[in-house]
Amino acid sequence: MPGLTFRFFASAVAVVSLLLSQQAISQDAPQKVSIELKSIRSELISRTDSRELPSVSVGVVRNGVDVWRESFGFASIEQNITATPDTVYAVGSLSKSMTGTAVFKLVEEGKIDLRSPIAKYLRSIRLRTFVQPKNDYKVLHLLNMAAGVPHYWRYCYVDSGELDRCAKANLKAASFSAFEPGSYHLYSNLSFGLAAQMIADVSGKPFSRFIRESIFRPSGMNRTFTHRDEIPKAVVIARPYKRDGKPAPDFQFEPAGGGGFYSSVNDLLRYGLIHLGESGSGDPVLQRRTLDMNHTVNRGLPHRYYANGWGVLPLGEFGISLLSNGAIEGAAATLLVLPKEKVVVVVLVNKTVGNDVTDDLAFRIAGAILPGYKERLDGLFAELGPEFADKEFLGMSTLEGDWKGSVHFGKKRLPVDFRIRGSEIFIKFDRAEFVKVEKLRITNSTISGTVTAPLLGKSEHGMAIADLIIRLERDRLTGFVSFETLKPRPELLLAYYLSAKRAER
């Protein structure tokens, strides 16, 4: 589309939006709040007019009353389709809190016990456990990403015509635990992908049907979908745009329960109200005691600010802030729920920008409504920074030496060797040469790094850049190596379990 045409059309939309601003930002808001929100609003008009962001959709509710609900820019620049609060966006890892909410619905019904083994409920996929017996891995470990399950993702592109086959590929191979349960918080889409499958196995219904019937439909969420191919043609989907502003191909992200959902501002405000214990009509979707469990950090687990798909931020007089966000190719989303203040904030963007953009907007919007909130939040983040920052690996005396073991590649076990000398780690796969592991970092006794090597023998992956995560558990190194396929567009991140014992001298 010619730039002049775009600027004219965008300016026209901006003028209309200005005319509607009295409705977009509630006049019941105090004057200072209204002024601060209008300042953010002007910024969003500028950022979408300039094409920095194709579109931004925002929504704010306090005490069950709209404060602000509006969209800026284009759901599709090429087709001149403007965004609205009903426009559906990919929401990435915001999906995790929704999957967790569905698990808690089954907890409320007495069908799942959080302290029971995962294996009791996950029946159609076996979670392989290499470090401890399978019954030591509990549901609460899975929901808090403390079950040692590695990160995994796959983009299934619409133009491939193989969404169903793609969704099922590699899932069994990826389903294993590399660490002791409860020993390490390992960010993992697959943890919630397995939780979604557990829901299907326990309920006897496909996951998408269960969550639609038990969570979405009762709360009026008619524009929230677990899979792209469920979305009716009449529903406007925000076209994804890459970081450089060019359109990204349409896709379904797997595992859906960990990052594949689509939703709108209007629906996510309704979802936030569920977690305030409110409902549009009829009984609340979840009882208060269930919500309290869902929002409470388990003190026996390694991350003291994470619970069941939510970041849980204690903010003194403001109570806790529940943060659910996601960043994916062509989209970013942030949902902020403040139970004590009865506030819900939603920000959605259809561009690869990461959560820096959507989180910042959501936090500033909350700060405009609640004086002192943003300062309290910034103080917490400054305090937590050193706690969660990884450090350069400078060596560990307990690791010094040579280690020999194997990597589980499908049904095969291929040799893997480590040579650890001070702050340097070298690794050798199968019959290849030793290569140095680069960018070594350490956090909570867990070491990460990257390696470029001919991986896993004569596999289909050939030369690749892989991520390595290992830790010493008892008398052996245990962990995994994961690779991302090197293709023009993101397709797959898949991990393989590895372990090694100290070589005999």
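# Questions about a predicted model

Colleague: Let us start with one residue: where is the place of Ser175?
Modeller: This is a predicted model, with residues numbered from 1 along each chain as its sequence is written; local features need pLDDT (the predictor's confidence in each residue, from 0 to 100) of at least 70, side-chain atom pairs count only at pLDDT 80 or more, and totals for chains, interfaces and linings use all residues. Side-chain values use heavy atoms, leaving out hydrogens and water. Helices (H or I, at least four residues) and strands (E, at least two) are DSSP runs, numbered from the N terminus. Ser175 has its place in the loop between helix 8 (171-174) and strand 7 (176-177).

Colleague: Is Ser175 buried or exposed?
Modeller: We look at relative accessible area: under 20% is buried, over 50% is exposed, and in between is partly exposed (1.4 Å probe, protein chains only). The relative accessible area of Ser175 is 0%, so this residue is buried.

Colleague: Which residues does Ser175 touch, not counting those up to four places away in sequence?
Modeller: A contact means heavy atoms within 4.5 Å. With residues up to four places away set aside, Ser175 touches Ile125, Arg126, Leu127, Arg128, Leu190 and Leu194.

Colleague: Let us turn to Val265: how far apart are the C-alpha atoms of Val265 and Val347?
Modeller: Val265 belongs to helix 12 (residues 265-274), and it counts as buried because its relative accessibility is 0%. Among the residues that Val265 touches are Val346 and Leu348. Val347 is 82 residues from Val265 along the chain, yet their C-alpha atoms are separated by 7.3 Å.

Colleague: Which helix gives the largest share of the largest nonpolar core?
Modeller: A nonpolar core is a set of buried Ala, Val, Leu, Ile, Met, Phe, Trp, Tyr and Cys residues joined through side-chain atoms within 4.5 Å. The largest one has 109 residues, and those with the most contacts inside it are Met98, Ile112, Phe418 and Ile427. The largest share of this core is nine residues, and they come from helix 9 (residues 189-203).

Colleague: How many residues has the other core, the one with Val67 and Val347?
Modeller: In soluble globular proteins, nonpolar side chains tend to be buried together. Apart from the largest core lies another, with Val67, Val347, Ala362 and Ala366 among its members, and its count of residues is 39.

Colleague: How many of the 14 residues of helix 4 are buried?
Modeller: Helix 4 (residues 95-108) reaches 20 Å from its first C-alpha to its last, close to the 20 Å expected at 1.5 Å a residue; the expected span is 1.5 Å times one less than the number of residues. After helix 4 comes Gly110, with a positive phi near 80 degrees. Helix 4 is largely enclosed by the rest of the structure, because the number of its 14 residues that are buried is 13.

Colleague: What are the buried residues of helix 15?
Modeller: Helix 15 (residues 373-388) has 16 residues. Its buried residues pack against strand 11 (310-314), strand 12 (320-328), strand 13 (331-338) and helix 14 (355-369). These buried residues are Tyr373, Leu377, Leu380 and Leu384.

Colleague: How many bridges join strand 23 to strand 24?
Modeller: Two strands pair if DSSP finds at least two bridges between them. Strand 24 (residues 492-502) has nine of its eleven residues buried, so it is largely enclosed by the rest of the structure. Strand 6 (residues 153-157) runs antiparallel to strand 24 and is joined to it by two bridges, while strand 16 (residues 401-409), also antiparallel to strand 24, is joined to it by five. Strand 23 (residues 476-484) is antiparallel to strand 24 too, and the number of bridges between them is nine.

Colleague: Which residue of strand 24 stands opposite Val481?
Modeller: Elsewhere along strand 24, Trp153 stands opposite Leu493 and Val407 opposite Leu498. The residue of strand 24 facing Val481 is Tyr496.

Colleague: What is the radius of gyration of the protein?
Modeller: The protein has 15 helices and 24 strands. The radius of gyration is taken over C-alpha atoms, and the globule rule is 2.2 Å times the number of residues to the power 0.38. That rule gives 23 Å for 505 residues, and the protein is as compact as a globular protein of that length because its own radius of gyration is close to this, at 24 Å.

Colleague: Over which residues, besides 1-22, is the pLDDT below 50?
Modeller: The protein averages a pLDDT of 90, and 91% of the residues score at least 70. Over residues 1-22 the pLDDT stays under 50. Where pLDDT is low, the predicted coordinates should not be read in detail. The pLDDT is also below 50 over residues 457-461.
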